[in-house]
Structure formats: structure tokens, C-alpha cells
Amino acid sequence: MPYAADRLSPKTRIVPAAAAALQVVARAKSRILSMSVNDPQPIVAARGLGKSVRLSEADGAATLAILQDIDLAVMPGEAVAILGASGSGKSTLLGLLAGLDTPTAGSVRLDGEELFALDEDARAGLRKRLVGFVFQSFQLLAPLNALENVMLPLELAGDPDAGRKAREMLERVGLGARLRHYPKTLSGGEQQRVALARAFVMRPKLLLADEPTGNLDAATGADVIDLIFRLNREEGTTLVLVTHDEALARRCARQVRLAGGRIQ
Ligand SMILES: Nc1ncnc2c1ncn2[C@@H]1O[C@H](COP(=O)(O)OP(=O)(O)OP(=O)(O)O)[C@@H](O)[C@H]1O
Ligand SMILES: [Mg+2]
């Protein structure tokens, strides 16, 4: 039976269709290739990240979802503020991004590495290489004075110039006159600045800071904010800052809000 007019030449229809399909594939391929060359990958990316804890019998033995379905990608050099009410999961998120805590769902890629596929030692190595962390509770070492606290990470990394670099960084946060003070003889704001100096002195690619200006008066807070953003500008340090400080949040290009453990 003869072909109908529109089906007379099946080949001439199939070939262009196949060619068009090949072109689509080629375009997709070149887009993927150019993406990997031109678009930097996120320095840190969370996908479907979740953290639940099992409460004790006294609390009804229920499961508490602290964080749920967090998708967040931060590009190198970006500054992101994380905002949210007390208890919304901000510190928990920061701890997971640094691999200091383990999630119950999802994943975190740090500089392209699947963080929770690594063992504890490899995670610590990656963190040491990339991340500066400023805790909400400072976590200064009580038996070490301010200078020694800031020197510690440099010395652990075998830096022969630890003393000079630590002193200079403490001077930059306004603590040049408090080098030999132990944490318990420093005010809350001063301890916070020592903690910042300790994170800054390693020139991290990624700075994760939990309320870095929370204990500072307005003037010192403004100085610390300037210092953080100078690091971002001059060294390309990526910033993820948990804050209630609207002035600090406004200086970040992006604000992420958490409520009840989810991104709003
Ligand atoms: N190990 C844990 N076991 C049980 N509950 C926890 C645990 N860790 C955190 N939580 C709870 O999870 C919630 C989120 O805590 P998180 O410290 O992340 O809050 P946050 O947003 O940083 O708050 P804040 O602004 O007060 O610092 C809080 O309600 C807290 O009580
Ligand atoms: Mg917190």
C-alpha cells in the first residue's frame, strides 16, 4: 500500500528529528561542561537537611524535629545572614554546615565534598582547611590567655609566625591591651572578640559565625561588622552569619529566615 503524501518519505522526517535530538543533547552537554568550568560550585550546600532528636521518657519520648528540609547553597564570596526567633534552629544549622553535628536526614557538601560520607578525622581535616567557626558560647580555652587562644590554631597548623599574627589580629579587634588576660578576666564582648580573632587569624574560606555581635555595644559591634566585611571583601571569605542584628543582616546580600526549623 502506498504511503500517504505526508508519510511518503519516512527517512526525511526521522533524520531531522534525530538531528534535532542530537542538537539538544549537544547543547545540554556543552551547558554542563561550561557550567563546571565557568560557574563556581557552592562552597557549602545543604540538601534536604534535617535533624531530629528523640526526647527522654520525661519529655514524653517523642521525636522533636529541630530542622527539616533545609536546602541552602552558598556560593564562594557570598554573605548570607540567617535570621529567626530563638529556638528556630539557627545554631543547629550552623553546626551541621560545619560538620560539627550529624544530621538525621539529607546531606551537606563542603567545597564539593560530601561531608557526612567522610569519617570524623577527614571531616575535621576539611574543616581545618576551610572553615572558621565562631560559637555563640565563644568556647575559649580557660587555661590559655587571649594571645594563646588566638595562637592555638596557627600553632596546630605549624605556623612559625603564630605569635606575631595572633597579636596583630587581636589589635585589629581592639584588644591590643588585653593580650595576657585569661577568658574569665575578660568581659563578654572582649571574649567574643577573642573568639572572632581566633577564627579570622586562619583566614578561612568560609566563616560561620553565631551571633558575632550579640554581646557587643553598638560601637564595638560596628567595628566587628566592618572587620568581618573587610575579610569578605579583601580575602573573598564567604560569610554565613547567624544574627538578630538587623544592621549586620542588612549588610549581607542575602537573608535566610528560619521558623520552626524550616526555611521560610
Ligand atoms: N540535643 C538537643 N536535644 C533536644 N533539643 C535540642 C537539642 N539541640 C537543640 N534542641 C532544641 O532545638 C531548638 C533549636 O535550637 P538552636 O540552638 O538551633 O536554636 P537557635 O535558633 O540557635 O536559638 P537562639 O537564637 O536562642 O540561639 C531549640 O528549641 C532547642 O531547645
Ligand atoms: Mg543559637
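Two residues are taken to be in contact if their C-beta atoms, placed from the backbone, lie within 7 Å. The structure described here is a predicted model. Leu97 illustrates such contacts. Leaving aside residues up to four places away in sequence, Leu97 touches Val44, Ala46, Val108, Leu208 and Val240.

Leu97 also stands out in the largest nonpolar core. This core holds 64 residues. Ile82, Leu97, Val150 and Leu208 touch the most other members. Helix 6 gives the most to this core, with six residues. In soluble globular proteins, nonpolar side chains tend to be buried together.

Val74 lies in strand 2. Val74 counts as buried because it has 21 C-beta neighbours inside 10 Å, and the cut-off for burial is 20 or more. Its contacts, not counting residues up to four places away in sequence, are Pro42, Ile43, Val44, Val80, Thr238 and Val240. One of these partners, Val44, is 30 residues from Val74 along the chain. The C-alpha atoms of Val74 and Val44 are nevertheless separated by 5.5 Å.

Val44 leads on to a set of paired strands. Strand 1, residues 44-54, pairs with strand 4, residues 105-110. The pairing is antiparallel and runs over five bridges. Within strand 4, Leu110 is the bridge partner of Val44. Strand 4 is also joined to strand 5, residues 113-114, by two bridges. These two strands run antiparallel. Here Leu110 stands opposite Glu113 of strand 5. Strands 4 and 5 form a hairpin, with two residues between them. Asp111, in the turn, has a positive phi of about 50°.

A separate description applies to an open sheet of six strands. Its order is 6-7-8-3-9-10, and its pairing is mixed. Strand 6 (131-134) and strand 10 (262-263) stand at the edges. Each has a single partner strand, so one side of each is left without a neighbour in the sheet. At one of these edges, strand 10 pairs with strand 9, residues 254-259. The two are antiparallel and share two bridges. Leu258 stands opposite Ile263 in strand 10. In a regular strand the side chains alternate between the two faces of the sheet.

The surroundings of ligand 1 come next. Val53, Leu64, Ile66, Gly84, Ser86, Gly87, Ser88, Gly89, Lys90, Ser91, Thr92 and Gln136 surround the ligand. Two or more residues of this shell come from each of strand 2 (63-74) and helix 2 (90-97). Helix 2 gives the most, with three residues. By class, the shell has eight polar, three nonpolar and one charged residues.

Helix 5 spans residues 162-172. Its buried residues are Ala162, Ala166, Met169 and Leu170. They cover an arc of only 100° around the axis, which puts them on the same side of helix 5. These buried residues pack against helix 4 (146-156) and helix 6 (188-200). Helix 6 is also the element that gives the most to the largest nonpolar core. Gly174 follows helix 5 and has a positive phi, near 80°.

Definitions and conventions. Residues numbered from 1 in each chain as written. Chains lettered and ligands numbered in written order. Predicted model: local features only at pLDDT ≥ 70, side-chain atom pairs only at ≥ 80, totals over all residues. Pairing = 2+ DSSP bridges. Helix = DSSP H or I, 4+ residues; strand = E, 2+ residues; numbered from the N terminus. Near = placed C-beta within 6 Å. Nonpolar A, V, L, I, M, F, W, Y, C, P; charged D, E, K, R; others polar. Buried ≥ 20, exposed ≤ 12 C-beta atoms within 10 Å, placed from the backbone. Arc of directions from axis to C-beta. Core = buried A, V, L, I, M, F, W, Y, C linked by C-beta atoms within 7 Å.
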